[in-house]
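Here is a round of questions on one protein chain. Each answer reasons briefly and ends on the item asked for.

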Amino acid sequence: MKDEIKSLKVINKFAILGGTFDPIHLGHISVAEAVLDKTDVEKVLFIPSGKPPHKELECVSNSDIRLDMTRLAIEGHENMEVSSIEIDRGGMTYTVDTVLQLKALLGNDAKFKFITGADAIHDIKTWKDYKLLLKICSFIAVTRPGYNKNTEAMEIEKIEKKFGCDIEFIEIPPVDISSSQIRQNISNGISVDGMVPDKVSEYIFKKGLYK
Ligand code: ATP
Ligand code: MG
């Protein structure tokens, strides 16, 4: 078992932030900080996806690059960790498989939740085996600029009622950043200052990504 997974055995509760992270940005970091601040979660585990079924593959950077950027982004953040579990598994990435794998590795009583932004929880019914996923894993849904807080709360309530699942809804400080916007800015020669951690921006420009 990899060290970062082993270290979770001694943590009472952690939360997964899954994403394409192409690139990881300050919105993602702020989601993790807000979850650590507002819930009883003790550590946030960033899991960059392998092949994400929801995204057009040609738009997604190589997994090693996304993993490197995620590692750089959380440097110095004590309660954040990165796992390559989805990249190492190969094939299409489905969250349900990751949750089952983590339970197999850590034991069925391991306490963890899965974090999603408003856009992702909105799409949950398109995820593989979402009914099973909602049954075996609790969620934390956070607000995201561009999505109405009240509509999101109502939608979450409906999902909870229908599937008998547990989704903790938290309002977080809005950070209006997306990876798509960053990719678009770079390809148009527009600055991404203040959108990604400095080390990530150095990495992007050194590698000439998104041009
Ligand atoms: P893209 O524009 O390529 O879809 P993204 O910015 O949405 O990128 P993802 O890697 O798709 O980033 O997102 C991973 C997770 O983080 C998702 O659950 C998403 O909802 C959440 N998230 C991303 N950015 C924010 C943000 N600024 N505020 C709240 N949640 C966010
Ligand atoms: Mg997205």
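Q: In the loop between which two elements is G76 found?
A: The model is a predicted one. G76 belongs to a loop, not to a helix or strand run. The elements on either side of that loop are α3 and β3.

Q: Is G76 buried or exposed?
A: The relative accessibility of G76 is 85%. The cut-off for exposed is over 50%. G76 therefore counts as exposed.

Q: What distance separates the C-alpha atoms of G76 and N12?
A: Along the chain, G76 and N12 are 64 residues apart. In space, their C-alpha atoms are separated by 21 Å.

Q: Which peptide bond is cis, with omega near 0 degrees?
A: Most peptide bonds are trans. The loop between β1 and α2 holds P23. The bond leading into P23 has omega near 0 degrees, and that cis bond runs from D22 to P23.

Q: What is the phi of F21, a residue other than glycine?
A: Most residues other than glycine have a negative phi. F21 lies in the loop between β1 and α2. Its phi is positive, near 50 degrees.

Q: Is F21 buried or exposed?
A: F21 has a relative accessible area of 1%. Buried means under 20%. So F21 is buried.

Q: Where is Y210 placed?
A: Y210 is not a glycine, yet it has a positive phi of about 65 degrees. At 13% relative accessibility, Y210 counts as buried. Its place is in the segment after α10.

Q: Which residues have the most contacts inside the largest nonpolar core?
A: The largest nonpolar core has 37 residues. Those with the most contacts inside it are V35, V44, F46, M69, I115, I140 and V142.

Q: Which element gives the most to this core?
A: Helices and strands both supply the core: at least two residues each come from β1 (14-19), α2 (26-38), β2 (43-48), α3 (63-74), β3 (80-82), β5 (138-142), α9 (179-187) and α10 (198-207). One of them gives 6 residues, the most to this core, and that element is α2.

Q: How many salt bridges does a search of the whole structure find?
A: Side chains of opposite charge can pair when their charged atoms come close. The cut-off here is a Lys or Arg side-chain nitrogen within 4 Å of an Asp or Glu carboxyl oxygen. Searching the whole structure gives a total of 10 salt bridges.

Q: Which side chain meets K128 in a salt bridge?
A: K128 sits in the loop between α6 and α7, and its partner sits in helix α5 (residues 95-106), 31 residues apart. K128 is partly exposed, with a relative accessible area of 35%. The partner counts as partly exposed too, at 25% relative accessibility. With an N to O distance of 3.4 Å, the side chain that meets K128 is that of D97.

Q: How far apart are the closest N and O atoms of D119 and R144?
A: D119 is in helix α6 and R144 in the loop between β5 and α8, 25 residues apart. D119 counts as partly exposed at 23% relative accessibility. R144 is partly exposed as well, with a relative accessible area of 27%. Their salt bridge has its closest N and O atoms at 3.2 Å.

Q: Why does the pair of D166 and K113 tie together parts that are 53 residues apart in sequence?
A: D166 forms a salt bridge with K113, with the closest N and O atoms 3.8 Å apart. The pair ties these parts together because D166 lies in the loop between α8 and β6 (167-170), whereas K113 lies in strand β4 (residues 112-117).

Q: Which residues are linked with K113 in a network of salt bridges?
A: K113 is buried, with a relative accessible area of 8%. D166 counts as partly exposed, at 35% relative accessibility. The residues linked with K113 in the network are D166 and E168.

Q: Which residues form a positive surface patch?
A: Two helices, α7 (130-136) and α8 (149-163), each supply at least two residues of the patch. Another place to look is the loop between α6 (118-122) and α7, where K125 lies. K125 counts as partly exposed, at 46% relative accessibility. The residues that form the patch are K125, K131, K135, K158 and K162.

Notes:
Residues numbered from 1 in each chain as written. Chains lettered and ligands numbered in written order. Predicted model: local features only at pLDDT ≥ 70, side-chain atom pairs only at ≥ 80, totals over all residues. Heavy atoms only, no water. Patch = residues over 30% accessible without salt bridge, like charges linked within 9 Å, V, L, I, M, F, W, Y side chains within 5 Å. Areas by Shrake-Rupley, 256 points an atom, 1.4 Å probe, with all protein chains shown as cover. Lys, Arg positive; Asp, Glu negative; His and termini not counted. Charge placed at Lys NZ, Arg CZ, Asp CG, Glu CD. Helix = DSSP H or I, 4+ residues; strand = E, 2+ residues; numbered from the N terminus. Buried < 20%, exposed > 50% of the residue type's maximum accessible area, 1.4 Å probe, protein only. Core = buried A, V, L, I, M, F, W, Y, C linked by side-chain atoms within 4.5 Å.
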